[in-house]
There are 2 protein chains.
Amino acid sequence: MREFKKKARILLVDDNSEHLRGIKELITLETNYDIVGTTTSANIGINLVKKYRPEIVIMDVNLPEKDGLQAIQEIEKLGLDTRILVLSGYDDSDLIFRAMKIGARGYVLKTMSSAQLVYAIDEILAGKFYLPSALSSRFFDYFQQSFREENEASSEENLLTYLTSREEEVLELLTQGNNYKGIAGKLFISETTVKTHVNNIFQKLQVNDRTQAVLYALNNGFGKKVRAKISA
Amino acid sequence: MREFKKKARILLVDDNSEHLRGIKELITLETNYDIVGTTTSANIGINLVKKYRPEIVIMDVNLPEKDGLQAIQEIEKLGLDTRILVLSGYDDSDLIFRAMKIGARGYVLKTMSSAQLVYAIDEILAGKFYLPSALSSRFFDYFQQSFREENEASSEENLLTYLTSREEEVLELLTQGNNYKGIAGKLFISETTVKTHVNNIFQKLQVNDRTQAVLYALNNGFGKKVRAKISA
DNA sequence: ATTGATTTAAATCTTTGGATTGAGAAAAAT
DNA sequence: ATTTTTCTCAATCCAAAGATTTAAATCAAT
């Protein structure tokens with residue numbers, strides 16, 4: 001199977017040089033892929049990506065000098081079609097989630113079998129994403145958890161529903177940082193009218209000032225936008 | 001294999017009664033699971049969930065009266081350990097994403113093989129999540145896309161980095177809707193000092209008032225919190 | 001030791017924001 | 001047809017916010 005695939009170039013980044021050698025050997029022996037470089041430094045790794053533009057980077061996430069996640073983000077920022085497979089010693093949900101969030105195409109543990117690593121590489125080369133079953137479950141648990149509060153909150157009574165359409169327009173402009181003059185200008189109404197609307201908004205949202213009104217709006221799904229509360 | 005599993009109870013919700021019968025027959029013949037009910041109505045389905053508390057609900061998402069997603073959300077709100085497997089005619093990324101977001105444990109297409117449906121049920125009963133490979137890729141593409149803008153934005157020059165630690169504390173309190181007096185009280189400093197800090201914050205963030213400062217903070221990942229911009 | 005940044009504070013002044021009352025016109029609902 | 005919302009506007013009035021200047025104490029760094 002694998003012998004018939006086109007030669008893909010792979011870059012290895014891992015601070016453990018022993019592990020680095022092990023993986024290099026594994027890939028050289030068991031696959032037809034090219035290892036275009038190996039390094040224990042995230043920064044050197046980023047430069048090697050720029051230089052060789054490998055199809056895949058296998059990246060350890062706990063590196064000494066620079067955080068592996070940060071390195072992933074910088075590689076993603078280059079806008080190449082280099083795909084990143086995270087290799088980690090930790091099956092921490094938050095780590096998995098953050099890695100996938102910033103653009104990793106897969107995440108495997110260092111304790112996995114060599115066959116699984118090769119499978120992950122093949123899947124990613126085929127344009128897919130790869131998470132082992134256990135990590136996939138962790139990811140989705142975390143993913144759903146991060147939306148749980150939000151879903152519950154939005155199911156509560158939302159004071160925004162009491163606003164008239166005009167008041168919604170005014171609030172929309174408030175959430176864009178406009179003052180009375182700005183809103184009046186944009187809606188072609190007088191400043192005092194805007195004041196009236198804003199005061200009515202305060203009443204309905206049970207807040208004391210524009211900042212609180214804006215915060216209420218943003219935290220309660222105003223403008224058909226929903227925001228997830230996810231610790232970074 | 002399946003014959004040794006404990007009998008799980010399954011509820012089917014699908015507006016197409018032919019399809020309903022087909023799946024019922026499939027599950028009855030090929031598995032050891034119990035079909036505790038079938039219905040073409042989302043509302044009846046929700047009531048059946050309350051009554052029978054099935055291990056799994058297989059739910060069509062395009063129902064006539066009530067939106068399938070809404071039905072999922074209502075079932076999730078019950079807080080039971082009923083798991084939902086979405087059955088859909090559409091492999092739309094947004095639909096998959098939203099279904100998983102609100103609590104679905106799996107998503108399979110109506111065009112799939114019967115073996116795949118049984119596999120999905122088994123995986124979900126085992127506490128896992130199940131997305132077929134193609135849908136998994138769609139999900140992750142959409143997932144990463146929803147964070148893309150945010151990552152790019154936060155990789156720009158972030159004016160928040162110019163703030164001193166004290167200014168960050170003040171800004172934090174501003175983002176909670178406090179006025180000068182409130183901030184002064186919470187930080188045990190005078191109101192005029194708060195004004196000084198706030199004015200410095202305005203300078204550094206290049207804004208004109210507290211609302212704009214708060215908006216800048218929230219949109220630039222202030223307070224180690226990141227907010228995803230995901231259309232609901 | 002001296003520079004530079006940070007935190008604290010006050011005084012002053014201008015502008016903006018917020019509360020309240022009253023009221024006319026138009027649109028929607030009953 | 002007539003209530004009821006909604007949208008509009010004005011005039012106050014007071015409180016809060018924002019701009020500006022000046023300055024002392026603390027702390028970190030060279």
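**Exercise 1. Which residues are the closest to DNA strand D, and how many residues surround DNA strand D?**

Solution. Conventions come first. This is a predicted model, in which local features need pLDDT of at least 70 and side-chain atom pairs count only at pLDDT 80 or more, while totals for chains, interfaces and linings use all residues. Residues are numbered from 1 along each chain as its sequence is written, chains are lettered from A and ligands numbered from 1 in the order in which they are written, and side-chain values use heavy atoms, with hydrogens and water left out.

Step 1. A residue is near a strand if one of its heavy atoms lies within 4 Å of it. By this criterion 17 residues surround DNA strand D. The closest are Thr164(A), Arg166(A), Ser190(A), Asn199(B) and Arg210(B).

Step 2. Of the atoms of DNA strand D that come within 4 Å of the protein, sugar and phosphate account for 70%.

Step 3. Polar contacts are pairs of N or O atoms within 3.5 Å; within protein, one must be able to donate a hydrogen and the other to accept it, and residues adjacent in sequence count only if both atoms are side-chain atoms. The side chain of Arg166(A) has an N or O atom 2.7 Å from a phosphate oxygen of DNA strand D. For Asn199(B), a polar side-chain atom lies 2.6 Å from a phosphate oxygen of DNA strand D. Lys195(B) reaches a base oxygen of DNA strand D, with a polar side-chain atom at 3.1 Å.

Step 4. Helices (H or I, at least four residues) and strands (E, at least two) are DSSP runs, numbered from the N terminus. At least two residues of the surface near DNA strand D are supplied by each of helix H7 (165–174) of chain A, helix H9 (191–205) of chain A and helix H9 (191–205) of chain B. H9(A) gives the most, with four residues.

**Exercise 2. Determine which residues come nearest to DNA strand C and which helix contributes most to the surface near it.**

Solution. Step 1. Around DNA strand C there are 17 residues, of which Asn179(A), Asn199(A), Thr164(B), Arg166(B) and Ser190(B) come nearest.

Step 2. Three side chains illustrate the phosphate contacts. Arg166(B) has a side-chain N or O atom 2.6 Å from a phosphate oxygen of DNA strand C. The corresponding distance for Thr193(B) is 3.1 Å, and for a polar side-chain atom of Tyr180(A) it is 3.2 Å.

Step 3. The largest share of the surface near DNA strand C comes from H9(B), with four residues.

**Exercise 3. Describe the order and pairing of the five-stranded sheet of chain A.**

Solution. Step 1. Two strands pair if DSSP finds at least two bridges between them. In chain A, five strands form an open sheet with parallel pairing, in the order S2-S1-S3-S4-S5.

Step 2. S2 and strand S5 (106–109) of chain A are the edge strands, each pairing on one side only.

Step 3. S1(A) and S2(A) pair in the parallel sense over five bridges. Leu12(A) has Thr38(A) as its bridge partner in S2(A).

Step 4. Helix H2 (residues 42–52) of chain A packs on the sheet and touches S1, S2 and strand S3 (56–60) of chain A, where contact means heavy atoms within 4.5 Å. The direction of H2 makes about 170 degrees with that of S1(A); axes are lines fitted to C-alpha atoms, for helices over the stretch in contact, and angles run from 0 to 180 degrees between N-to-C directions.

**Exercise 4. Which parts of the chain does the salt bridge between Asp60(B) and Lys110(B) link, and is Asp60(B) buried or exposed?**

Solution. Step 1. A salt bridge is a side-chain nitrogen of Lys or Arg within 4 Å of a carboxyl oxygen of Asp or Glu. Asp60(B) and Lys110(B) meet in a salt bridge at 2.9 Å, N to O.

Step 2. The pair links distant parts of the chain, 50 residues apart: Asp60(B) is in strand S3 (residues 56–60) of chain B, and Lys110(B) is in the loop between strand S5 (106–109) and helix H5 (114–125) of chain B.

Step 3. Buried means under 20% relative accessible area, exposed over 50%, and partly exposed in between (1.4 Å probe, protein chains only). Asp60(B) is buried because its relative accessibility is 0%, whereas Lys110(B), at 25%, is partly exposed.
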